[in-house]
Amino acid sequence: MTKHFKTLRRSQWLLLISWLTCSLAGRAQDAPTYQTPPKALADLVTAPLTPTVSLSDKGDMMLILEQAAAPGIDELAQPEFKLAGLRLNPANNGPSRARYITGLRLKKVMDKEEKALTGLPATPLISFVQWSPDGSKIAFANSTDSRIDLYIADVATAAAQKVGSVALNATLGVPYHWVSDSKSLIVKTIPAGRGPAPVISAVPAGPTTQQNVGGQRGQAPTYQDLLKNPSDEKQFAYYTTAQVVRMGTDGSMTAIGEPGIIRSADPSPDGQYVMVQTVHTPFSYLVPVNRFPLRTAVFALSGSLVKTLNDGPLQESVPYSRDGAPTGPRDFEWRADMPATVYYTVAQDKGDPKVVADIRDKVFQLEAPFSASPKEIYAAQFRFENFTWGNGTTALATEQWWQSRKAITKIVNPTTWQTSVLFDRSYEDRYSNPGQPDTKHNQYGRDVLNLLPNDEILMLNVQGASPTGDRPFVSLLNLKTKKSTELWRSAAPYFERPVAVLDAVKKVILTTRETPEENPNYYVRNLKARIAPVQVTFFPHPYPQLKGIQKQQLRYKRTDGVELTATLYTPVGYTKEQGPLPTFLWAYPAEFKSKEAASQVSGSPYQFNRISYWGGAAFVTMGYAILDNASIPIVGEGDKEPNDTYVDQLVSSAKAAIDEGVRLGVVDSSRVGVGGHSYGAFMTANLLTHSNLFKAGIARSGAYNRTLTPFGFQNEQRSYWQAADVYNKMSPFMNADKMKTPLLLVHGEADNNTGTYPIQSERYYNALKGFGATTRLVFLPYESHGYTAKESLLHMLWEMSGWLDKYVKNPAPDGQVNKAGKVGGGKGK
């Protein structure tokens, strides 16, 4: 037994300790193995996933992608390297936690017949699916245990085959892009003769050191999976090094440049050049790879260097703010409407939002053959976001400023560079969102504005937020008059979203349509004709056994007048005559700069009842009323910061949701639980600490000690030293002595999300235990911030179901002892 204990991994020790602790508390039914929840919950994990769809540019062909089921824990247990913010599979040079496509089917949009692609591997693990610019081919990657291969399928025959003999390198993202001729691709491959991986000695050559000389500030977030020593640097360089090649669809290859740590390799729209971005030393132990020094160069398609555009330095001192930006040139892109023109952005305020400046960013462009001086083409009052290119006279430019939530969209003439404001709005004002402009592929296969006669464009809004709930719509926007005409809007009893424009002139679009009982399927709708849309996919209901679950959209106010919303789920067959139900509230707070924006209605009563295993709605199958996605707005108007009154607004919002449920006769106020994931977990711990509204809580993968995220967190822009009182009051860890309500803590052992590293739950559990709180800590082996293994998901639901049943559905009366030997004690603290 001693020998066995010595071989246990840290994750297994934590599970064992958790089990032993709970067993001593009276939970003898527990075992240090994965558990399965009641069948109704387990079925949500094992239900087949609905396929996704990819549309050809012409809108005539549809690719149906079958999604893989949740992987087994054995897959997550495979070797994984955590380097420079990346998680790599060292066996095949790809990401270690990919969710794959397991099948591909082609169909004409208006036909029912589907063709499964032939030539696929016996057990396909497909990713990075891309249509060729002319729509005649589809490229995709297939992963195996030892390599990633490139496949190309012919659309006409639905036949696929492997192309080339070299393996792809996907450690830094998408490993290939089509060239505009649709006959070749620019591919990142594993260099020939790379040799064996570096042998890492367990004996260090010396200490690992970092230093900051000269007082330079580097206020970095709490990134995870960073490089830690020279051995990490060697492994990072080995696995990320790639050779860029031009690969023909026949497998022929031409090398482009030398091997390097290739972050991206993107062909120019005309296919004559390739822009290659290469990471190089010095590496950092403070920031991830996207802040490492980056060289941007243009190569000819023949492989020779044309021009080095920029060699940016290590960016360790970017201001930690939503409005912060690196110094020097950044975000190099090809203009989609030109053969070979590069544009990029340069901050004019040193990237520091605290610097007063009339112009924050400037955009420059450089045309082939890249020998002239760059030309300034745009000056942004806020941070420049992007261009949506159109033609020689029309483009759209977008800029934003997070601190004020302002967004400006301008019409730009790319010949004269004159501009005029099209939209000037608060982007948190969802009611005024005009939607996204329709685009089409140009002669280069790049997306550009789909300009109609009279300078009109179609605008698609897939949310369609309105005072009556979400109602997606399509409108016609005239860029000359800047006036918009609504062509169509989703109407009861359906919830219908525009997905793509099939024919802009004839106003034919592709939508998804759903009702609470009918799962989403694709439809073709003619906006001119007053006829019913034509259904073109027939995906089955993912969990027909749950038909009949009832849903209601709630609208109510909290004490300060802010209007709130929530979705109320009740079990199949429930009526109010049966009396109020035990209730589970599930939420995620959001910050706003105005009460008006915080009060806007969200959601629709006509959306499909998606009873996912991931959120709170799953527990409607267990007889609970669910207050799902309850609004928890944290408002800070004007110069006020939202978090200055975080706790008060948090408690007020939760109380308002419960009170509304009680008013309806559905919620039993003496049996309410609360839960959330990530920032929702942080919310949960604070609600239990600072209110007596709940009988129990479930907090998954949260952060509880804000001194561990001292340079800001979530949307808090101030550092700990600027707002110590706020950090301390908002930290459940600092207030652990106030906790009197049972709390279940669940965390992925390999969480890599910024700020929510596993020690947050570990130390919070120890603090709660130290003050005698009823609590349980569950670490899920190999899981990251989101859990993926089937065993983990089933066990998570088992833990949550047991906790809710014990402390919410069947709580011990005040002052009495329940079966677990715990004394009941009111609704909260």
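In this predicted model, strand 10 and strand 11 make a hairpin, with four residues lying between the two strands. Ala 158 sits in the turn and has a positive phi of about 60°. Strand 10 covers residues 148–154 and strand 11 covers residues 159–163; the two run antiparallel and are joined by five bridges. One pair that can be picked out in the structure is Ala 153, whose bridge partner in strand 11 is Ala 160.

Further along the chain there is an open sheet of four strands, in the order 33-34-35-36, with antiparallel pairing. Strand 33 (495–503) and strand 36 (534–535) each have a single partner strand and stand at the edges, so one side of each is left without a neighbour in the sheet. Within this sheet, strand 34 (residues 508–514) runs antiparallel to strand 35 (residues 521–526), and six bridges join them. Leu 510 has Val 524 of strand 35 as its bridge partner.

The model also contains enclosed spaces. The count is three cavities of 30 Å³ or more, and the largest has a volume of about 70 Å³. Its lining draws on separate parts of the sequence: Trp 402, Gln 403 and Arg 405 are among the lining residues, as are Glu 591 and Lys 593. Glu 641, Pro 642 and Asn 643 also line this cavity, together with Asn 715 and Glu 716. By residue class, the lining of the largest cavity divides into five charged, three polar and two nonpolar residues.

Methods
Residues numbered from 1 in each chain as written. Predicted model: local features only at pLDDT ≥ 70, side-chain atom pairs only at ≥ 80, totals over all residues. Heavy atoms only, no water. Pairing = 2+ DSSP bridges. 1 Å grid on protein atoms, 1.4 Å probe; cavity = no way out; pocket = protein on both sides within 12 Å on 5 of 7 lines; lining within 4 Å. Points joined across faces, edges and corners; volume = space filled by probe spheres on them. Nonpolar A, V, L, I, M, F, W, Y, C, P; charged D, E, K, R; others polar.
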